[in-house]
Every structure is written in C-alpha cells, then in structure tokens.
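Here are a few quick notes from me on the aromatic side chains and one proline. Have the model open while you go through them.

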Amino acid sequence: MSFQDKFQAHVSNLDKELSKFPQLQRLEQRSGVPKVYAILGVGLLYIFFIFMNWGGQLLSNLAGVALPTYYSLRAIETAGGADDTKMLTYWVVYGLLTIVEYWSNTILYWMPFYFLIKTVFLLWLVLPQFEGAVLVYQKVIRPVTLKYTKASTPSEALKREAKSH
C-alpha cells in the first residue's frame with residue numbers, strides 16, 4: 001500500500017468520524033469545502049501558529065485544557081469508572097506539570113519550539129490512543145508520592161499516635 005493510499009484511508013476515516021457532528025455538515029454545505037479538509041487546514045494553521053510562537057502559550061494551554069475538559073465531561077456522563085480514573089490521572093499530571101512549568105518558565109521559554117513540544121506532549125498525555133498521563137503517573141509521580149498519599153486505617157493512625165507519646 002502506497003503512502004497516498006494510506007493517506008486517503010486516514011482521510012476517509014476522519015471524514016466518517018467528522019460526519020457525526022451536524023455543525024461540520026452544515027459548514028461543509030454552506031462553504032462547499034469538504035469538512036475533512038477544513039479541519040485539516042485549521043489543524044495545520046494551529047500547528048503553524050504554535051511553531052512560529054504566535055500565541056504559542058495560549059494555543060498550547062488550549063490544547064492542554066479544552067480537549068481534556070471535553071473528555072472529562074464525556075467521562076462524567078458514562079457509567080463506568082475507568083475513563084473517570086484516566087481523566088483524573090491526566091489532571092494530576094497536568095497540575096504538576098503546570099507547577100513545574102511555573103517555577104522553570106525563565107529557562108523553558110528560551111528553549112526553541114518550547115510551545116510546540118509542550119503541545120505535542122500535552123496531546124500525548126490526554127489522547128486515549130496513547131494514554132501518556134497514565135504512563136507518566138505510574139512511572140514518575142506514583143512512586144514519589146505514594147509514601148505521602150497512602151491511606152491509613154484508623155487503627156494504624158492510633159498505633160502511630162500511641163508510639164509518639
């Protein structure tokens with residue numbers, strides 16, 4: 001299968017997914033531009049703006065907040081708890097990343113393509129295909145924080161208190 005065939009297969013899959021949104025159907029009818037090309041064009045423009053650092057911080061934070069908020073709202077409305085846990089994990093990782101970024105922004109903002117790298121990283125964290133937040137939590141955050149967040153039973157708390165007196 002050639003590159004062009006693979007690309008066309010991805011475009012038709014994306015078109016099928018985008019057909020679920022009536023707003024995009026109306027946009028396609030009114031503008032005459034296929035919805036898949038409109039979305040790809042907006043996506044490329046978005047990446048170009050981040051690459052050129054025109055509003056990079058705003059656009060990067062938009063990717064880190066708007067998309068996860070949508071996934072969180074969907075997770076709240078589902079019956080199972082697995083997606084809730086994944087989104088909670090994302091927000092923990094995002095919160096810690098925001099704290100680290102605040103304290104190191106002087107160094108990070110001088111790094112070339114920082115906002116592009118940050119945006120790609122945030123998308124890797126939140127997109128269900130990758131589940132990067134779960135990996136970062138399991139490999140980095142959990143081992144460090146487990147000793148501080150371990151829930152104790154009332155009897156364990158009483159034992160510790162008795163030993164301290």
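1. A cut-off to start with: a residue is buried under 20% relative accessible area, exposed over 50%, and partly exposed in between. Trp54 comes out at 46%, so this residue counts as partly exposed. Keep in mind that this is a predicted model.

2. Now the rings. How many aromatic pairs are there by the ring-centre rule? The count is 12. Take Phe48 and Trp54: their ring centres sit 5.5 Å apart with the planes at 85°, and that makes the pair edge-to-face, because anything over 60 degrees falls in that class. Phe48 is partly exposed too, at 39% relative accessible area.

3. Phe48 and Trp54 also have company, since Phe49 joins them in one aromatic cluster.

4. Next, have a look at Tyr90 and Trp91. Here the ring centres are 5.1 Å apart and the planes meet at 75°, so this pair is edge-to-face. The two partners differ in burial class: Tyr90 is buried at 1% relative accessibility, whereas Trp91 is partly exposed at 30%.

5. Last, the proline. Where does Pro34 sit? You'll find Pro34 in the loop that links helix 2 (22-31) to helix 3 (35-51). With a relative accessible area of 33%, Pro34 is partly exposed. From Pro34 to Ile76 the C-alpha to C-alpha distance is 32 Å, with their positions 42 residues apart in sequence.

Notes
Residues numbered from 1 in each chain as written. Predicted model: local features only at pLDDT ≥ 70, side-chain atom pairs only at ≥ 80, totals over all residues. Heavy atoms only, no water. Phe/Tyr/Trp six-rings, centres within 6.5 Å; stacked < 30°, edge-to-face > 60°. Buried < 20%, exposed > 50% of the residue type's maximum accessible area, 1.4 Å probe, protein only. Helix = DSSP H or I, 4+ residues; strand = E, 2+ residues; numbered from the N terminus.
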